[in-house]
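Below is a short report on one pocket and the metal sites of a protein model. The sequence and structure come first, and the notes follow.

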Amino acid sequence: MEADTWVLPTETFSARILGACVCGAVRWSYDAPFSAMLHCHCSVCRKHHGTLFATFVAGPLSTFHWRAGTEKIGTWQSSARGKRSFCSRCGSKVPSVIHDAQQVFMPAGALEGELGICPQMHLFVGSMAANSRIHDPLPQYQAYPPGWGAQGLDTPVRATRPDVFSGSCACAQMGFELHDRPVRMHHCHCGRCRHARGAAHATNVVYKLDALRYTRGENLLEDFDLPGAEFFGTSFCRHCGAAMPRRSEGRGVVVVPVGALDSDPQIHPLAHQFVASKAPWFEIHDGVPQFPEAAPRPV
Ligand SMILES: [Zn+2]
Ligand SMILES: [Zn+2]
Ligand SMILES: [Zn+2]
């Protein structure tokens, strides 16, 4: 495993907070204090980011500026009122601008700089993945906190056959099955994973390459290879931007973003890896072993 070498592209502007997708095409800046920071466990977030949960910061739109790549931004209408944005080149999650409310929601993992805020709560814990646990003391809400006046929106429970491990993208046009037991599962805190997923960290389940079989929508699969990286790349649904299994022919494995799974993979994470690159606002509270760089591979 190579070192974590992702760096924010050199900029000619200054701002308190800089954000970018992992390929660097879509970039933005922000200056005002954030008004909220939250972890969301809803099934749309889990699928879109490919993670166990997503983390967002929200704040007023006034000091938010797109700096590059707006023509690369893809959007998916996730509900009657909601939309999700992503880089159509690399699949990274990018900010959603809510013009009506003059607010911007940013995927926290894609940000660099001192955020000046820490996560405040867990939303949609009623929709958590079966294999997910919360270990920190933050308040938890089944959906939105009372008083927000927001309606719960959480749909993607997809029918699964008990004898087949399956998964799907957020828009449901892509579906796949895994015809083998998983090899391992780990959390990765490297800068590439954080920027690609827009989350605190990635959580991936690794299978042998030939375990993966698409059942629908494979024509929507978009693959991105990060230039200069030996292994890092992303795969995602072109329509909704959801993280999809990434085939690594060179290593003979397929790396499945845990959020894409509709079945419980029935495996526990072995490691937090690249914790030297961990987001400063995220604290690890579980007892899973931590490694500053790549975790040693089990034989
Ligand atoms: Zn990108
Ligand atoms: Zn959510
Ligand atoms: Zn999709």
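The second largest pocket in this predicted model has a volume of about 690 Å³. Its lining is made up of 32 residues, and those closest to the centre of the pocket are R133, I134, H135, F282 and D286. By residue class, the lining of the second largest pocket comprises 15 nonpolar, twelve polar and five charged residues.

The model also holds zinc ions, two of which are set out here by their protein donors.

| Zinc ion | Protein donors | Donor distance | Spacing along the chain |
|---|---|---|---|
| ligand 2 | C40 (SG), C42 (SG), C45 (SG) | 2.2 to 2.3 Å | C-x1-C-x2-C |
| ligand 3 | C169 (SG), C171 (SG), C237 (SG), C240 (SG) | 2.3 to 2.4 Å | C-x1-C-x65-C-x2-C |

For the zinc ion (ligand 2), the protein donors are the SG atoms of C40, C42 and C45. Of these residues, C40 and C45 are buried.

What is the geometry at the zinc ion (ligand 3)? The site is tetrahedral, with angles of 101 to 116° among the four donor atoms. That range qualifies because four donors count as tetrahedral if all angles lie between 85 and 135 degrees.

Are C237 and C240, which both serve as donors to ligand 3, buried or exposed? C237 has a relative accessible area of 0%, so it is buried. C240 is likewise buried, because its relative accessible area is 0%. The cut-off for a buried residue is under 20% relative accessible area.

Terms used. Residues numbered from 1 in each chain as written. Chains lettered and ligands numbered in written order. Predicted model: local features only at pLDDT ≥ 70, side-chain atom pairs only at ≥ 80, totals over all residues. Heavy atoms only, no water. Donors = N, O, S within 2.8 Å, 3.2 Å for Na, K, Ca; no water. Buried < 20%, exposed > 50% of the residue type's maximum accessible area, 1.4 Å probe, protein only. 1 Å grid on protein atoms, 1.4 Å probe; cavity = no way out; pocket = protein on both sides within 12 Å on 5 of 7 lines; lining within 4 Å. Points joined across faces, edges and corners; volume = space filled by probe spheres on them. Nonpolar A, V, L, I, M, F, W, Y, C, P; charged D, E, K, R; others polar. Tetrahedral: all angles 85-135°; square planar, octahedral: opposite > 155°, others 65-115°.
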